[in-house]
Amino acid sequence: MALRPIITLPDPKLRLVSRKIERIDDLLSRLIDDMIETMHEAPGVGLAAIQVGEPIRVLVVDVAKKDEPPQPQVFVNPEIVWLSEERATYEEGCLSIPEYYAEVERPASVRARALDRDGKLREILAEGLLATVLQHEIDHLDGVLFIDHISKLKRDRVIKKFQKAAKRAGDGQHVL
Ligand SMILES: [Zn+2]
């Protein structure tokens with residue numbers, strides 16, 4: 001297993017629509033192991049393959065509490081098949097938009113269908129944090145970021161901030 005570098009704003013790859021996985025092979029299995037390790041190390045509660053630069057429809061999630069043993073879950077080609085009318089608001093962050101948090105309102109529960117890492121089809125009813133994380137991560141597979149769910153004013157501000165930081169880094173200056 002190995003840690004993979006996480007790409008951040010304004011990397012244009014974050015806007016790619018990831019492609020469906022046709023075959024679960026050793027290469028994919030290794031990527032999944034790396035993604036789980038990278039998510040735990042970050043630490044984060046979810047990670048989509050595109051965040052480590054791979055535009056394929058796979059994500060890993062772990063919503064275990066800090067005092068619980070890790071419980072990584074793998075979703076291959078995930079699809080949301082039902083959304084609740086009831087909505088919930090969480091303060092979200094993203095490993096690809098470091099140190100920025102904003103409240104996002106989404107459906108409170110979702111039913112999702114996906115293959116597990118062995119290629120077995122599973123369907124889960126997700127509520128609470130897991131429902132939010134799944135929607136956030138599946139958005140990544142379609143090139144959508146959580147800042148797309150906040151006001152344009154706030155979104156433009158955070159994008160500009162990251163563009164400036166990237167430019168400074170490119171100019172060889174240190175970001176303090
Ligand atoms: Zn994210």
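This report covers the overall fold, a buried glutamate and some unusual backbone features of a predicted model.

**Overall fold**

The protein has three helices and seven strands. Their order from the N terminus is α-β-β-β-β-β-β-β-α-α. One helix thus opens the run of elements, and two helices close it.

The radius of gyration is 16 Å. That agrees with a compact globule of 176 residues, for which a value near 16 Å would be expected. Along the principal axes, the C-alpha atoms fill a box of roughly 50 × 40 × 35 Å.

Of the 176 residues, 42% count as buried. Contacts reach far along the chain: taking pairs at least 6 apart in sequence, 63% join residues at least 24 apart.

**Surface and charge**

The exposed area is about 10,200 Å². Carbon and sulfur atoms supply 51% of that area. The protein carries 26 positive and 30 negative side chains. The centres of these two sets lie 6 Å apart.

**A buried glutamate**

Glu137 sits in helix H2, which spans residues 128–141. Glu137 is buried, yet has no salt bridge. The nearest side chain of opposite charge belongs to Arg106, 8.4 Å away. A salt bridge needs a side-chain nitrogen within 4 Å of a carboxyl oxygen.

What surrounds Glu137, leaving aside its neighbours within four places in sequence? Its contacts are Gly46, Leu47, Ala48, Gln51, Leu59 and Val61. Strand E1 covers 46–48, so Gly46, Leu47 and Ala48 in that contact list belong to a strand as defined by DSSP.

**Backbone features**

Two cis peptide bonds precede prolines. One joins Leu9 and Pro10, the other Ala42 and Pro43. The table gives their omega values and places.

| Cis bond | Omega | Place of the proline |
|---|---|---|
| Leu9–Pro10 | about 0° | segment before helix H1 (26–41) |
| Ala42–Pro43 | about -10° | loop between H1 and strand E1 (46–48) |

Positive phi also appears in residues other than glycine. Asn77 has a phi near 50°, and Glu99 has one of about 60°. Both lie in strands: Asn77 in E3, residues 73–83, and Glu99 in E5, residues 97–107.

Are these two residues buried or exposed? Asn77 has a relative accessible area of 12%, so it counts as buried, the cut-off being under 20%. Glu99 has 71% relative accessibility and therefore counts as exposed, a class that starts over 50%.

Methods:
Residues numbered from 1 in each chain as written. Predicted model: local features only at pLDDT ≥ 70, side-chain atom pairs only at ≥ 80, totals over all residues. Heavy atoms only, no water. Helix = DSSP H or I, 4+ residues; strand = E, 2+ residues; numbered from the N terminus. Rg over C-alpha atoms; globule rule 2.2 N^0.38 Å. Buried < 20%, exposed > 50% of the residue type's maximum accessible area, 1.4 Å probe, protein only. Contact = heavy atoms within 4.5 Å. Areas by Shrake-Rupley, 256 points an atom, 1.4 Å probe, with all protein chains shown as cover. Lys, Arg positive; Asp, Glu negative; His and termini not counted. Charge placed at Lys NZ, Arg CZ, Asp CG, Glu CD.
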